[in-house]
Amino acid sequence: MSSSSSRSAATRAGDQAWTKMSKMNAELFNLTYGAMVMQLIRDYEDVQAVNQQLETMGYSIGQKLVDEFLAKSGVGNCANFREVAETLAKVGFKMFLGVVVEVTAWNAEGTAFSLQVYDNPLADFVELPPQYSGLVYSNILCGVIRGALEMIKYQVECRFVKDGLKGDEVNEIRVELRQMVDESFGEEYNEGA
Amino acid sequence: MFLHLFVISRSGGLIYNKNLSSSAPRLTVNEWLVLGSTFHGLHSIAAQVAPLASSGIEKLECDNLKLQCFQSRTGVKFVLTAEPGTPDLDNVLHGIYELYADYVLKNPFYEMDMPIRCDLFQQGVERLIERNSRELKKARSDA
Amino acid sequence: MTESKRNAGSGGGGIRMLNILDRPLATKGRGVGGSEVSLSAFSFLFSEMVQYYQNRVLSIADLERKLEEAGYGVGHRVLELLAFREKQYRREIKLIGVLQFVSSTVWKALFNKVADSLERSTENEDEYMIHEREPITNVFVSAPADISQLNCAAYIAGIISGVLNGASYPAGVTAHHVAIGDGQREKTVFLIKFRQDVLRREAALSG
């Protein structure tokens, strides 16, 4: 599985990919996301529906963003789900959000892991008022991960299990593999040949 | 010299086609659609009949045509044709994939799997092809 | 507007907790107190936002209003942040002062550059224009031909309006495409139209 050397290779790939990306001010990004969440709260009036809508928007983003990742990250095919997790954390998060994320808490089967997000650019400046305690403010990230992985045939479920906005020390997203999507367009993901 | 570029969606529909040279044969809309779906079909048959695990057709070379196909891991096929002997279609195809990731997928008015009508993508492709054609010409006259 | 105090007293690294207003001031290095994300991340988010509104409006004008409204609240926050942090905003008492604050300080904070130019309208004395060759909302956007007049920088127009309003210079701000020939991309002009009482106040102050 992923040795410490391949881990640092992923970190290096992440740094390289990040260097090549055009950058912008994180606050404008953050405030823009906040404006969108507030709009959804006004439109839906129900926190659960907002959570769902954020996930759906993220899913749509993930389906598209994965192509930019593949086109620009320089990362080759991942051999297995563990490599997918490392690549997602060390290259994906770094390349788009400029932050480093840790992979932890694998289950015994190697089909579920946690992403620890220490520094969440979506949630700076944010304080959740009590009436929105059910809001999963950064739920869009779960959708992005689900959409992106599905396009490369990993069907996953994602949810926040720890949330910095609710007093947890870290943001933690649980990612569980449901199944491999089998499509007819050719490429083999298992080590055939 | 580059001749044609076309893009086939993951569901097999032709979503973009462009003549890259005045000497490239002109195809009607119908001919393009047939070409797109035929290539899509051949591509998946090729993958299935290959004796080893295969990702389908990557290159075709004939006396008067060279064709190269880049399929993204998300299943979109970018197909470029050129005169025989034209080098380096790989780089051009990758450049087109980057343009697609930028100017198609980040455009709020583009719907996935639908025909690409994005001015900025079109301009990007034109610039990329122009730049590469110039370099080809220069390399040829230097040689 | 002095920027020399930037980062003075900042503790620097290591803070992991998500505190509210103080954190970005104290811990983040580059730019005006901000770290960076990829332009792509913003563009994907913004694209989703435009699609969301597009499904809920009947006309391009309505879509632009929605984007302006979304930007307006952001503009208020931006002014608060700039005022709070490093004293970059002192209450401007001249119209031209507040306009320069927008086209330089605000622009730098948000876009890491100053605006391409700031001009006064030759026709109407209550109108000013800020020119921007490529607003970050538009970098990857190709609007279909039937709605080509749509300018997604309406969102930035809303931000400008929010800043001006927060600074007691209420103005309507709209974003427009302007052709620049040579087959180049159109640039964007933000048209700022101040409310009448702003001009009366200005006249009284200078009179």
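1. First, a definition: two residues are in contact if their C-beta atoms, placed from the backbone, lie within 7 Å. By that rule, and leaving out residues up to four places away in sequence, C:Phe42 touches A:Met24, A:Phe29, A:Thr32, C:Val37 and C:Ile136.

2. Some housekeeping before going on. This is a predicted model, where local features need pLDDT of at least 70, side-chain atom pairs count only at pLDDT 80 or more, and totals for chains, interfaces and linings use all residues. Residues are numbered from 1 along each chain as its sequence is written, while chains are lettered from A and ligands numbered from 1 in the order in which they are written.

3. C:Phe42 also turns up in the largest nonpolar core, which has 147 residues. A nonpolar core here is a set of buried Ala, Val, Leu, Ile, Met, Phe, Trp, Tyr and Cys residues joined through C-beta atoms within 7 Å. Buried means 20 or more other C-beta atoms within 10 Å of a residue's own, exposed means 12 or fewer, and partly exposed is in between, with C-beta atoms placed from the backbone. The members touching the most others are A:Ile145, C:Phe42, C:Val78, C:Val106, C:Ile160 and C:Val163.

4. Now chain A by itself. It has 5 helices and 5 strands, in the order α-β-α-α-α-β-β-α-β-β from the N terminus. Helices (H or I, at least four residues) and strands (E, at least two) are DSSP runs, numbered from the N terminus. Of its 193 residues, 49% count as buried. Among contacts with a separation of 6 or more in chain A, 64% come from residues 24 or more positions apart.

5. On overall dimensions, the radius of gyration of chain A is 17 Å, which agrees with the value near 16 Å for a compact globule of 193 residues. That radius is taken over C-alpha atoms, and the globule rule is 2.2 Å times the number of residues to the power 0.38. Chain B, with 143 residues, has 15 Å where the rule gives a value near 15 Å, so the two agree.

6. A word on confidence: pLDDT is the predictor's confidence in each residue, from 0 to 100. Chain A averages 88, and 91% of its residues score at least 70. Watch residues 184-193 of chain A, though, where pLDDT stays under 50. Where pLDDT is low, the predicted coordinates should not be read in detail.

7. How do chains A and C meet? The contact takes 34 residues from chain A and 31 residues from chain C. Helix 2 (26-44) of chain A is one of the elements supplying at least two residues to the chain A side, and helix 2 gives the largest share, 10 residues. That side divides into 20 nonpolar, 8 polar and 6 charged residues; Ala, Val, Leu, Ile, Met, Phe, Trp, Tyr, Cys and Pro count as nonpolar, Asp, Glu, Lys and Arg as charged, and the others, Gly among them, as polar.

8. Strands link these two chains as well. Strand 1 of chain A pairs with strand 1 (residues 36-38) of chain C in the antiparallel sense over 3 bridges, pairing being called if DSSP finds at least two bridges between two strands. One bridge partnership is A:Lys23 with C:Ser38.

9. Last, look at strand 3 (residues 127-132) of chain C. Its covered face holds C:Tyr128, C:Ile130 and C:Glu132, and its uncovered one C:Glu127, C:Met129 and C:His131. Strand 3 of chain C runs antiparallel to strand 2 (residues 117-120), joined by 4 bridges, and to strand 5 (residues 187-194), joined by 6 bridges. C:Ile130 has C:Leu118 as a bridge partner on strand 2 and C:Phe190 on strand 5.
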